[in-house]
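I opened a fresh page for this chain. My plan is to go from the whole to the parts and write down what I look up.

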Amino acid sequence: MLSASRGGWLALPLVLIPVVRYGARLYGRRLLVAGAVLLALVVLAFAVPATGVAVRIAQAFADINNYLVQGDANTSVGIRLELWKASWMMFTEHPWLGVGREQFDVALHALAAQGRLQQSAALLYSSSHNDMLNCLATGGLLDFSLLLTMYIAPLCFFAGQLRRPDQGQHPLALAGLVVVVAFFAFGLTDVMFWLMMPKVFYVMMVCSLVGMCLAAQYPAPVPRRILIARTDNIGDVVLTLPLAGYLKQLYPQVEVVFLCRRYAAAVVAQCRHVDQVLTLEELGDDWAHGLAQSGCDTMIFTFPQRTLAAAARRSGIQRRIGSSHRIHHWYHCNRLATFSRANSPLHEAQLNFKLLLPLGVDVEPPLEQLKTMYGLDTPRHPAADAVLAAPGFKLILHPKSNGNGREWPLQHYTALARLLGKADGVRVLVTGSAAEGELLAQQAPELLALPNVENLCGRLDLDGFTALIGGCDGLIASGTGPLHLASALGRPALGLFPPLKPIDIVRWGALGPRARSLCTPLACGHCEDAARCTCMLAITPEQVLEVVESWRAEALVPA
């Protein structure tokens with residue numbers, strides 16, 4: 001808009017056709033936001049006099065009127081209209097081969113000498129200022145058919161690619177449509193294929209995008225050793241394990257290496273689908289060297305980390321797969337998958353599978369299938385065995401979440417423990433890190449003082465904690481690591497969530513054969529303070545007690 005090139009303005013509405021038609025499916029709400037911003041900029045450019053947009057548009061209509069009424073062919077628009085008129089005359093007199101590609105200005109002056117054109121500034125030009133009319137005038141129907149082929153062939157190809165199942169080619173095909181439509185639109189008021197530079201640009205862009213679309217159709221080489229990088233929290237790591245299980249099914253001979261932080265390594269080590277656990281700490285100071293020593297040919301970034309991606313590029317790993325929604329991945333990764341985590345209706349465990357698109361794998365496993373794909377075994381641990389050896393129904397309460405998500409209020413945990421104290425044989429095991437235990441002692445001393453409560457905070461390492469969860473009769477927590485660990489181990493687990501995206505049940509719900517999740521039906525809309533979330537407060541201890549009673553009833557049924 002600010003260039004004041006009115007011919008370029010014509011491209012905007014035409015380009016919006018493929019963008020809206022196909023882009024809405026790719027980019028969803030973000031496309032609407034971008035469109036609204038674009039429309040606002042157009043209106044602003046028109047409304048602000050200093051931009052000159054309104055003046056340029058008014059002048060265009062005035063030029064058209066002067067040409068039609070007074071025959072004025074000396075204005076910017078009048079010159080184009082006169083050239084288009086001359087081009088049509090040349091075509092009608094030489095319909096098959098035109099007047100010749102180098103003879104436009106000669107034919108133009110000949111028409112003026114015959115009195116069929118005005119003596120105007122239009123006679124100074126050597127082209128039609130319109131691609132299609134220029135081809136008709138100088139090359140006749142032959143050149144015109146070639147021009148149409150240059151437009152229609154790639155349009156059909158890219159549209160066909162957008163109709164096929166996405167193997168990573170949809171964004172490329174949409175880019176191809178935009179290039180072709182934009183060139184066609186610019187060609188309405190200029191001759192795009194007259195100078196060499198736009199010719200080279202068009203051919204290079206179209207052929208490159210065609211090539212990348214075709215490359216996406218062919219299966220990638222079968223990976224030999226795949227490195228899955230998930231270097232954030234334990235819950236995220238657990239929800240990534242089904243991806244390792246699927247890769248083992250897809251490529252039976254592949255070796256799966258899992259890269260995580262040291263504190264989560266004990267959990268990954270219990271997964272049957274992982275051949276080797278690698279930690280960031282083990283990579284040493286030179287991550288690139290450590291990754292090169294891993295011998296992996298494919299690396300999947302299920303968690304984006306810029307420094308790790310840079311190290312992977314330097315390490316020479318052949319295929320580095322990441323999300324296109326991280327700018328640094330455009331440089332450090334050579335395989336990109338386009339999808340949105342924040343705005344997706346999929347569970348976090350399902351979203352990890354979107355990163356297989358660059359491998360030619362378009363799969364979205366149902367949640368019921370994912371529940372059986374963790375491959376986690378329960379370890380044995382003396383400290384956990386000592387706790388589990390005592391009789392009773394062993395229920396773990398894990399009140400804290402290390403600041404992740406929304407926590408169920410501590411007063412509700414206390415009220416639930418009191419209600420459970422009225423039931424015979426229920427042992428309430430409160431777990432957490434040593435630091436979380438200190439917080440509970442300060443913030444919920446009544447909970448820890450109850451006679452049916454055992455405070456295990458800080459008493460078990462991760463191996464012991466995993467063994468405890470694997471042998472317990474139930475676990476209650478918010479959307480945090482122990483919840484997902486219990487779900488993956490097949491234990492009864494209850495997750496407590498707010499109905500707020502992207503931390504709701506849809507994205508982070510407990511996913512296991514005996515797991516459940518609770519939340520209020522509607523968000524309150526004013527939970528600015530996570531520590532006082534009324535959505536979490538609305539989940540009552542009585543609702544949670546009802547779930548625990550169902551677990552106890554199941555435990556009494558003979559196997």
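**Entry 1: the whole chain**

I started with burial. Of the 559 residues of the protein chain, 52% count as buried. I note here that the model is predicted.

Next I looked up the secondary structure. I found 25 helices and 12 strands in the protein chain.

Then I turned to overall dimensions. The C-alpha trace spans about 110 × 50 × 45 Å along its principal axes. I also checked the radius of gyration, which is 33 Å for the protein chain. A compact globule of 559 residues would have a value near 24 Å.

How much surface does the protein chain expose? I wrote down about 26100 Å². Carbon and sulfur atoms supply 61% of that area.

I looked at contacts too. I took those in the protein chain with a separation of 6 or more, and 63% of them come from residues 24 or more positions apart.

**Entry 2: charges and salt bridges**

I looked up the charged side chains. The protein chain has 45 positive and 41 negative ones. The centres of the two sets lie 2 Å apart.

How many salt bridges does the structure hold? I noted 21. I then picked some to follow up.

My opening pick was R116 with E93. Their closest N and O atoms are 2.6 Å apart. R116 sits in the loop between α6 (104-113) and α7 (131-163), and E93 belongs to helix α5 (residues 76-93), so this salt bridge ties together parts that are 23 residues apart in sequence. I checked exposure as well. R116 is partly exposed at 33% relative accessible area. E93 is also partly exposed, with 40% relative accessibility.

I went on to D473 and K394. Their side chains meet in a salt bridge, at 4.0 Å from N to O. This pair links distant parts of the chain, 79 residues apart. D473 is in the loop between α21 (462-471) and β10 (474-478), while K394 is in strand β7 (residues 393-398). Is K394 buried or exposed? I found it buried, with a relative accessible area of 10%.

R427 and E454 came after that. They form a salt bridge whose closest N and O atoms are 2.8 Å apart. Both residues are in strands: R427 in β8 (residues 426-430) and E454 in β9 (residues 453-455). The two are 27 residues apart, and the pair links distant parts of the chain. I noted that R427 is buried, at 11% relative accessible area. E454 counts as partly exposed, at 26% relative accessibility.

Which residues are joined into one network by salt bridges that share partners? I listed R230, D232, D236, R341, E348 and R507.

**Entry 3: two aspartates in loops**

I looked up D72. It is in the loop between α4 (53-70) and α5. D72 is partly exposed, with a relative accessible area of 25%. I left aside its neighbours within four places in sequence and asked for contacts. D72 is in contact with N66, Y67, G78 and Q118. I also took the C-alpha separation of D72 and S120, which is 8.4 Å. Those two residues are 48 residues apart along the chain.

D424 was my other choice. The place of D424 is the loop between α18 (410-421) and β8. Buried or exposed: which is D424? I found it exposed, with a relative accessible area of 69%. The C-alpha atoms of D424 and F393 are separated by 8.9 Å, with their positions 31 residues apart along the chain counted as the distance apart.

**Entry 4: backbone details**

I kept a general rule beside me for this page. Most residues other than glycine have a negative phi, and most peptide bonds are trans.

What kind of peptide bond joins K501 and P502? I noted a cis peptide bond, with omega about 0°. P502 is in the loop between β11 (493-496) and α23 (505-508).

I finished with H129. H129 is not a glycine, yet its phi is positive, at about 60°. H129 lies in the loop between α6 and α7. I checked its accessibility and got 11%. H129 therefore counts as buried, since the cut-off is under 20%.

Conventions:
Residues are numbered from 1 along each chain as its sequence is written. This is a predicted model: local features need pLDDT of at least 70, side-chain atom pairs count only at pLDDT 80 or more; totals for chains, interfaces and linings use all residues. Side-chain values use heavy atoms; hydrogens and water are left out. Helices (H or I, at least four residues) and strands (E, at least two) are DSSP runs, numbered from the N terminus. Buried means under 20% relative accessible area, exposed over 50%, partly exposed in between (1.4 Å probe, protein chains only). The radius of gyration is taken over C-alpha atoms; the globule rule is 2.2 Å times the number of residues to the power 0.38. Contact means heavy atoms within 4.5 Å. Accessible areas come from the Shrake-Rupley method with a 1.4 Å probe; for residues, only the protein chains shown count as cover. Lys and Arg count as positive and Asp and Glu as negative; His and the chain ends are not counted. The place of a charge is taken as NZ of Lys, CZ of Arg, CG of Asp or CD of Glu.
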